[in-house]
Amino acid sequence: MGYWDLEEGRDCVGKTWITTKLGTALGLVGSAYHIVAFQPDSALQAVQRATAGTVTMASLGAIFGMATCLSAQARDAPDDPLNYFIGGCASGVFLGARSHSAMTGFGACMGLGTVAMFTKVGKMEGWNIFSPPKM
C-alpha cells in the first residue's frame, strides 16, 4: 500500500510512517553520495555525517506527513492542496531551525510548500510529467 492509496485526512500514523520511510531512504542515499564526494577523515566522522543527513531527511518526511494529515483533519478539507503546502512549509521551517537561519526556513517553506501543493494539484488533475514514450 502506498501513500496515495490511503485516504486523505485519515490514518495519519500510516501516512506519516510512509513519508518517514521515504525520507530515511533518500537521506541514506544522499549521505552515501556526500561521503563519497567529500571524503571524511575517519570512520567515526563518516558515521556522524550519515546519521545527521539521514535523521534530517527522516524528520522532514515525518513532519510533512503529520502536518499534511493533521491540517486535513483540522480544516475538514481532506483534498485541499493547501494541506500539502502547509506540510511542505512545516518541513521547510524545520530546515531553517536546523540551520539556525530564518531566511533558509522561509525559502525552504515557500519552496517545499509550493512543490508539495503542485504535486497534489497534479495528482488531482491527472498531470503526467514523465509519460512513457509514444510509439
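Let's start with one residue, Thr20: at 17% relative accessibility, Thr20 counts as buried, because the cut-off for buried is under 20%. Thr20 sits in helix H1. Before I go on, please keep in mind that this is a predicted model.

So, what does Thr20 touch, leaving aside its neighbours within four places in sequence? The partners are Ala58, Gly61 and Ala62. Helix H2 covers residues 43-75, and that is where you can look for those three.

Now let me take you from Thr20 to a residue much further along. Thr20 and Ser91 are 71 residues apart along the chain, and their C-alpha atoms are separated by 12 Å. Ser91 belongs to helix H3. Is Ser91 buried or exposed? Ser91 is buried, with a relative accessibility of 4%. If we do not count residues up to four places away in sequence, Ser91 touches Leu60, Ile63, Phe64 and Leu112.

Let me step back and show you the whole chain. How many helices and how many strands does the chain have? There are four helices and zero strands. Read from the N terminus, the order of elements is α-α-α-α. The chain has 135 residues, and 35% of them count as buried. For the overall dimensions, the C-alpha trace spans about 50 × 45 × 30 Å along its principal axes. And here is a number about how the chain comes back to itself: take the contacts between residues at least 6 apart in sequence, and 58% of them join residues at least 24 apart.

Next, a pair of helices. In general, two packed helices are described by the angle between their axes and the distance between the axes. For H2 and H3, the packing angle is about 145°, and the axes are 8 Å apart. The crossing of H2 past H3 is right-handed. Which residues meet there? On the H2 side they include Ala52, Thr56, Leu60, Ile63, Phe64 and Arg75. On the H3 side, among them are Leu82, Tyr84, Ile86, Ser91, Phe94 and Arg98. You will recognise Ser91 from a moment ago, along with its partners Leu60, Ile63 and Phe64. Taken together, the residues of this contact divide into 12 nonpolar, eight polar and two charged.

Let's move on to the largest pocket. About 530 Å³ of space lies in it. Its lining is made of 18 residues, and those nearest the centre are Thr19, Leu22, Leu26, Gly61 and Phe64. Two of these names have come up already: Gly61 is in contact with Thr20, and Phe64 is touched by Ser91. Which elements give two or more residues to the lining? They are helix H1 (12-37), helix H2 (43-75), helix H3 (81-99) and helix H4 (102-125). H1 provides the largest share, with five residues. As for the character of the lining, 12 of its residues are nonpolar, six are polar and none is charged.

Now for some backbone details. Most residues other than glycine have a negative phi. With that in mind, have a look at Asp11, where phi is near 50°, a positive value in a residue that is not glycine. Asp11 lies in the segment before H1. Asp11 is partly exposed, with a relative accessible area of 45%. The other residue to look at is His100, with a positive phi of about 60° although it is not a glycine. Where does His100 lie? His100 is in the loop between H3 and H4. His100 counts as exposed because its relative accessible area is 76%, and the cut-off for exposed is over 50%.

One last stop, back in the segment before H1, where we find Glu7. Glu7 has 54% relative accessibility and so counts as exposed. How many residues separate Glu7 and Asp79 along the chain? They are 72 residues apart, and their C-alpha atoms are separated by 9.3 Å.

To wrap up, remember the four helices, the right-handed crossing of H2 and H3, and the largest pocket, with no charged residues in its lining. Thanks for listening!

Conventions
Residues are numbered from 1 along each chain as its sequence is written. This is a predicted model: local features need pLDDT of at least 70, side-chain atom pairs count only at pLDDT 80 or more; totals for chains, interfaces and linings use all residues. Side-chain values use heavy atoms; hydrogens and water are left out. On a 1 Å grid over the protein atoms alone, a cavity is a set of points where a 1.4 Å probe fits but cannot get out, and a pocket is an open set with protein on both sides within 12 Å along at least five of seven lines; lining residues have an atom within 4 Å of a point. Grid points are joined across faces, edges and corners, and a volume is the space filled by probe spheres set on the points. Ala, Val, Leu, Ile, Met, Phe, Trp, Tyr, Cys and Pro count as nonpolar, Asp, Glu, Lys and Arg as charged, and the others, Gly among them, as polar. Axes are lines fitted to C-alpha atoms, for helices over the stretch in contact, and angles run from 0 to 180 degrees between N-to-C directions. A crossing is left-handed if the near helix is turned anticlockwise from the far one by less than a right angle, and right-handed if clockwise. Contact means heavy atoms within 4.5 Å. Buried means under 20% relative accessible area, exposed over 50%, partly exposed in between (1.4 Å probe, protein chains only).
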